[in-house]
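The request below concerns one part of a structure, and the reply sets that part in its surroundings.

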Amino acid sequence: MVQASDPYIKDVISLAGNPSQGKAIFLTNCAGCHGSEANGFVGPSLQDVSKRKSKYGLINQVISGETPPMPKFQPNPQEMADLLSYLQNL
């Protein structure tokens, strides 16, 4: 599990995310499994995901790949902040 003291997490949380940039990152890296509108496909729907998972939980899910077949993916801190911003607006 990610920890708030982790330098990567601190960087991500300290940045303002851009949901438009986050959508572009999502479409490139996530839509193949979660669908272009995040409604689910091979992977689950991500609609209202921020109501089910905290920022830390979302970051952990993205970077750990703990739920196969989801691959590990560690975008740079700004890209992760952008992706979080997009996911929180679903």
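A question and a single connected answer follow.

Q: Please look closely at helix α2 (residues 19–29). Which of the residues of α2 are buried, which exposed residues does the opposite face carry, and what covers the buried ones?

A: The model is predicted: local features are reported at pLDDT of at least 70 and side-chain atom pairs at pLDDT 80 or more, whereas totals for chains, interfaces and linings use all residues. Residues are numbered from 1 along each chain as its sequence is written, and side-chain values use heavy atoms, with hydrogens and water left out.

The setting comes before the helix itself. The chain holds six helices and zero strands, where helices are DSSP runs of H or I with at least four residues, strands are runs of E with at least two, and both are numbered from the N terminus. Read from the N terminus, the order of elements is α-α-α-α-α-α. The radius of gyration is 12 Å, close to the 12 Å that the globule rule gives for 90 residues, so the chain is as compact as a globular protein of that length. This radius is taken over C-alpha atoms, and the rule is 2.2 Å times the number of residues to the power 0.38. The C-alpha trace spans about 35 × 25 × 25 Å along its principal axes. Of the 90 residues, 37% are buried; buried means under 20% relative accessible area, exposed over 50%, and partly exposed in between, with a 1.4 Å probe and protein chains only. Among contacts (heavy atoms within 4.5 Å) with a separation of 6 or more, 57% join residues 24 or more positions apart.

Within α2, the buried residues are G22, I25 and F26. Viewed down the helix axis, these residues fall within an arc of 100°, so they line one face of α2; the arc is that of the directions from the helix axis to the C-beta atoms. The face turned away from this buried side carries the exposed residues S20 and T28. Cover for the buried residues of α2 includes α3 (31–34) and α6 (77–88).

The start of α2 and the loop before it also meet α6. S85 is placed in helix α6 and, at 12% relative accessibility, counts as buried. Apart from neighbours within four places in sequence, S85 is in contact with G17, N18 and P19. Of these contact partners, G17 is in the loop between α1 (7–14) and α2, and its 30% relative accessibility makes it partly exposed. With residues up to four places away in sequence left out, G17 touches Q78, A81, D82 and S85. Q78 is likewise placed in helix α6 and counts as partly exposed at 31% relative accessibility. Its contacts, again leaving aside neighbours within four places in sequence, are L15, A16 and G17. Between Q78 and G22, one of the buried residues of α2, there are 56 residues in sequence and 9.5 Å in space, C-alpha to C-alpha. By contrast, G17 and Q47 are 30 residues apart in sequence and 18 Å apart in space, C-alpha to C-alpha.

On the other side of that loop in sequence, α1 offers a parallel case. The buried residues of α1 are Y8, I9 and V12. Seen down the axis, they fall within an arc of 95°, so they line one face of α1. The face turned away from the buried side of α1 carries the exposed residues P7, K10 and S14. What covers the buried residues of α1 includes α5 and α6. Helix α6 is thus among the elements covering α1 and also among those covering α2.

Backbone details in the loops next to these covering helices complete the picture. In the loop between α3 and α4 (49–52) lies A38, a residue other than glycine with a positive phi near 60°; A38 counts as buried at 0% relative accessibility. D48 is found in the loop between α3 and α4 as well, and its phi is also positive, near 60°, but at 35% relative accessibility D48 counts as partly exposed. The loop between α5 (55–64) and α6 contains P69, which is joined to P68 by a cis peptide bond with omega of about 10°.
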